[in-house]
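The following exercises are to be worked through with the sequence and the coordinates at hand. Each task is followed by a solution in steps.

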Amino acid sequence: MAYNNGREDRKWRIWKEAEEKVLREHGVDEATIEQIRIDDRADFNSNRRFYHWTSDFGEYLEAVSYTHLRAHET
């Protein structure tokens with residue numbers, strides 16, 4: 001199954017908004033919240049690149065396997 005960046009991005013934004021709301025309720029300053037957001041976004045982007053690559057690689061392996069099986073059937 002292909003990695004859906006849009007869906008994962010929406011989930012990440014909802015999670016961050018909820019997290020930041022809790023941080024603000026507990027008196028965390030905006031500079032700290034912004035730094036956490038920047039760090040978390042960098043992690044998200046790193047994971048996005050990894051999952052996109054593994055998704056593409058998995059689809060490639062499936063295609064090669066299918067081609068290999070079809071070649072041996074005839």
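**Exercise 1. Place Asp 40 in its helix and describe its surroundings.**

Step 1. Asp 40 is part of helix α2; helices (H or I, at least four residues) and strands (E, at least two) are DSSP runs, numbered from the N terminus. The model is a predicted one, in which local features need pLDDT of at least 70 and side-chain atom pairs count only at pLDDT 80 or more, while totals for chains, interfaces and linings use all residues. Residues are numbered from 1 along each chain as its sequence is written, and side-chain values use heavy atoms, with hydrogens and water left out.

Step 2. With a relative accessible area of 17%, Asp 40 is buried. Here buried means under 20% relative accessible area, exposed over 50%, and partly exposed in between (1.4 Å probe, protein chains only).

Step 3. The side chains of Asp 40 and Lys 16 are joined by a polar contact of 2.7 Å. A polar contact is a pair of N or O atoms within 3.5 Å; within protein, one must be able to donate a hydrogen and the other to accept it, and residues adjacent in sequence count only if both atoms are side-chain atoms.

Step 4. When neighbours within four places in sequence are left aside, Asp 40 is in contact (heavy atoms within 4.5 Å) with Trp 12, Trp 15, Lys 16 and Glu 19.

**Exercise 2. Determine which residues of α1 are buried and how they are arranged around the axis.**

Step 1. Helix α1 comprises residues 5-25, 21 residues in number, and reaches 30 Å from its first C-alpha to its last. This is close to the 30 Å expected at 1.5 Å a residue, the expected span being 1.5 Å times one less than the number of residues.

Step 2. Asp 9, Trp 12, Lys 16 and Glu 20 are the buried residues of α1. They lie on the same side of α1, because they cover an arc of only 65 degrees around the axis; the arc is that of the directions from the helix axis to the C-beta atoms.

Step 3. On the face turned away from this buried side, α1 carries the exposed residues Arg 10, Ile 14, Glu 17, Lys 21 and Glu 25.

Step 4. After α1 comes Gly 27, with a positive phi near 80 degrees.

**Exercise 3. Trace the network of salt bridges that includes Glu 20.**

Step 1. A salt bridge is a side-chain nitrogen of Lys or Arg within 4 Å of a carboxyl oxygen of Asp or Glu. The whole structure contains 9 salt bridges.

Step 2. Glu 20 is buried at a relative accessible area of 7%. Its side chain meets that of Arg 24 in a salt bridge (3.9 Å, N to O). Both residues, Glu 20 and Arg 24, lie in helix α1, 4 residues apart, which is about one turn of the helix.

Step 3. A salt bridge also connects the side chains of Arg 37 and Glu 20 (2.8 Å, N to O). This pair links distant parts of the chain, with Arg 37 in helix α2 (residues 30-73) and Glu 20 in helix α1, 17 residues apart. Arg 37 is partly exposed, at 22% relative accessibility.

Step 4. Arg 24, itself partly exposed at 40% relative accessibility, forms a salt bridge with Glu 30, the closest N and O atoms being 2.8 Å apart. Glu 30 is partly exposed, with a relative accessible area of 46%.

Step 5. The result is a network of salt bridges linking Glu 20, Arg 24, Glu 30 and Arg 37.

**Exercise 4. Which residues is Asp 9 in contact with, leaving aside its neighbours within four places in sequence?**

Step 1. Asp 9 lies in helix α1 and is buried, at a relative accessible area of 14%.

Step 2. The residues in contact with Asp 9, apart from neighbours within four places in sequence, are Arg 41 and Phe 44.

Step 3. Between the side chains of Asp 9 and Arg 41 there is a polar contact (2.8 Å).

**Exercise 5. Summarise the chain as a whole.**

Step 1. The chain has 2 helices and 0 strands.

Step 2. Of its 74 residues, 12% count as buried.

Step 3. Among contacts in the chain with a separation of 6 or more, 66% are accounted for by residues 24 or more positions apart.
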